[in-house]
Amino acid sequence: MIPTSLRQLPAVLVVDDEVRSQEALRRTLEEDFEVFCASGASEALAVLEREMPSAAIRIVLCDQRMPGTTGVVFLKEVRHRWPDVVRIILSGYTDAEDIITGVNEAGIWQYLLKPWQPEQLLLTLQRAAEVWRLQQENQRLSLDLRTAEPVLRKRVDSKQEKAKSSFGLGALIRASGSPLNALCGMVERIAPYDLSVMVTGESGSGKEMIARAIHYESRRSHRPFVTENCGALPDTLLESELFGYKRGAFTGAVEDRVGLFQQADGGTLFLDEIGETSPAFQVKLLRVLQEGEFRPLGSNRVVSADVRVIAATNRDLEEDVRTGRFREDLYYRLATISLHVPALRERPGDLPLLARRLLDNACRVMDKPAEGFSPDALACMAAWHWPGNVRELQNEILRMLALADAPLLGIELLSPRVRQIVDRQPAAQLPGSTPLSGASLSGGLKERMEQLEMEVLAEAMRRHRGNKSRAARELGLSRVGLRAKLTRYGLEPDA
């Protein structure tokens with residue numbers, strides 16, 4: 001412990017024309033402060049001029065009634081020359097005019113009355129010393145911030161560029177002939193405009209990545225991108241998450257909470273699985289989208305938020321609108337622009353590139369190196385239909401890397417359900433279908449896979465007599481996805 005005599009104590013200047021008062025004040029303060037004394041204003045100014053460069057007097061404690069001048073007039077001069085010094089008046093008179101003048105003109109921090117109590121006086125001066133320290137710290141931080149502003153701005157700009165490169169259109173993995181190319185072109189054209197977007201596609205196909213790309217290609221890219229899975233919460237919790245609440249609004253609301261709409265102000269709010277919401281909640285959401293304002297739960301105050309909404313679903317919302325499960329007015333409010341993300345099996349050319357990227361990411365996460373995939377492993381992966389899309393592919397690659405003993409990941413590391421496609425014998429021919437043997441196919445792997453897919457689709461439609469809903473359920477597709485495939489291969493009933 002440092003002895004009191006060796007510590008650097010804060011300095012205080014006592015100004016009083018009575019010597020006994022000076023001595024009483026010195027005895028009270030000298031253990032915690034370095035005390036300087038003066039009998040009048042001129043002597044006090046001389047002490048300040050002499051001691052300020054070295055002693056850095058932090059506090060001036062001055063009597064109000066002194067010969068030739070008053071404490072307020074003297075402290076007004078101190079404020080002009082040394083504005084950082086904390087100024088305190090000590091007086092035996094309670095003249096309201098003196099107090100008002102002292103506060104307004106001399107910037108008096110405290111006005112103490114005689115007779116003073118030692119404990120009260122000491123506590124007041126300790127607080128004054130802390131005020132002086134905070135003033136200096138505030139000035140230093142303000143100077144640091146002014147100096148660091150260009151550096152901070154450069155860092156922020158760098159992080160924004162990094163986020164755009166990680167989540168913008170450039171981050172979407174696709175081959176030259178990928179079905180994603182048309183989708184990315186559409187994203188590039190609509191991103192600059194504040195239009196609501198509905199993104200459809202199967203689970204795991206990358207709907208959130210498309211939503212992020214829209215955000216980071218827009219003028220809102222420097223503002224927040226906030227996500228919420230609407231299918232993961234019941235209506236009451238979803239409402240409190242999106243709109244926020246005040247303390248006491250319901251049992252367990254022990255503090256105010258800012259909702260996601262408010263958090264996303266100026267940016268983008270991504271509502272995933274919007275098709276899972278109830279009609280009652282859809283009414284509340286529609287009002288927010290129409291008015292651009294809402295009330296947090298338990299509050300009477302209306303809050304406005306400037307938010308671009310992007311919704312996503314793996315359901316056929318047009319069918320839900322027809323059946324009354326989803327509100328038609330909300331659907332058209334959300335689907336100003338509709339985008340469909342093709343399933344992974346519709347992008348066979350993208351699979352090798354995507355698998356390589358996912359493998360690189362897995363190597364970083366698991367801190368385990370790998371060279372790549374063997375040709376037979378890639379062929380097997382290309383032949384699998386990937387019902388879980390990119391998410392399933394990612395999990396499969398994580399599994400392969402965890403089990404691998406060699407740098408090259410072979411077909412034996414694939415899970416049995418993926419590997420079965422190469423072990424399975426050709427199925428018995430269905431009535432009315434053409435043989436699907438290797439001899440009946442021509443072209444490269446992509447062309448052969450497309451011919452196989454077209455045959456499977458045609459046979460399913462024949463078997464269900466053109467009923468798209470039943471055929472989609474059998475094939476594990478959404479009705480929208482099936483319709484897109486039928487159109488692509490010219491298999492629509494009219495065609």
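## The loop before α5

P115 sits in the loop between β7 (110–113) and α5. The peptide bond leading into P115 from K114 is cis, with omega near -5°. Keep in mind that what you are looking at is a predicted model, so that omega is a computed value like everything else here. For context, most peptide bonds are trans.

## Two positive phi values

Most residues other than glycine have a negative phi. E273 goes the other way: phi is positive, about 55°, although E273 is not a glycine. You'll find E273 in the loop between β12 (268–272) and α10 (279–291). E273 counts as buried, because its relative accessibility of 14% falls under the 20% cut-off.

W386 is another case, a residue other than glycine with a positive phi, this one near 50°. W386 belongs to the loop between α14 (375–383) and α15 (389–403). Is W386 buried or exposed? Buried, with a relative accessible area of 0%.

## The five-stranded sheet

Next up is an open sheet of five strands, paired in parallel and ordered β9-β12-β15-β8-β16. The edges are taken by β9 (225–229) and β16 (337–340); each has a single partner strand, so one side of each has no neighbour in the sheet. Ignoring direction, neighbouring strands are turned by 20° against each other on average.

Inside that order, strand β8 (residues 197–200) runs parallel to strand β15 (residues 308–313), and four bridges join the two. If you want a landmark for the register, M198 stands opposite A311 in β15. Helix α6 (residues 180–190) lies across β8, β15 and β16. Against β16, helix α6 runs at about 155°.

## Aromatic pairs

How many aromatic pairs does the structure hold? Eight. One of them joins F167 and Y216, whose ring centres are 5.7 Å apart; their planes meet at 25°, so the pair is stacked. This pair links distant parts of the chain: F167 is in helix α5 (residues 118–167) and Y216 is in helix α7 (residues 207–216), 49 residues apart. The two partners differ in how much surface they show, since F167 is partly exposed with a relative accessible area of 35%, whereas Y216 is buried at 12%. F167 has company from a charge as well: the charged end of R212 sits over the F167 ring, 5.1 Å from the ring centre.

Y331 and Y332 give another geometry. Their ring centres are 5.2 Å apart with planes at 75°, so this pair is edge-to-face. Here, too, the partners part ways on accessibility: Y331 is buried, with a relative accessible area of 9%, while Y332 counts as exposed at 52%.

## An aromatic cluster and an arginine

Four phenylalanines, F243, F261, F281 and F294, form one aromatic cluster. One member of that cluster, F294, is also touched by R301.

R301 is in the loop between β13 (293–294) and β14 (303–304). Leaving out residues up to four places away in sequence, R301 touches F294, R295 and P296. Those contacts go along with an open position: at 54% relative accessibility, R301 counts as exposed, because the cut-off for that label is over 50%.

Technical notes
Residues are numbered from 1 along each chain as its sequence is written. This is a predicted model: local features need pLDDT of at least 70, side-chain atom pairs count only at pLDDT 80 or more; totals for chains, interfaces and linings use all residues. Side-chain values use heavy atoms; hydrogens and water are left out. Two strands pair if DSSP finds at least two bridges between them. Axes are lines fitted to C-alpha atoms, for helices over the stretch in contact, and angles run from 0 to 180 degrees between N-to-C directions. Contact means heavy atoms within 4.5 Å. Rings of Phe, Tyr and Trp (its six-membered ring) pair if their centres lie within 6.5 Å; planes under 30 degrees apart count as stacked, over 60 as edge-to-face and the rest as tilted. Buried means under 20% relative accessible area, exposed over 50%, partly exposed in between (1.4 Å probe, protein chains only). A charge sits over a ring if NZ of Lys or CZ of Arg is within 6 Å of the ring centre and within 35 degrees of the ring normal.
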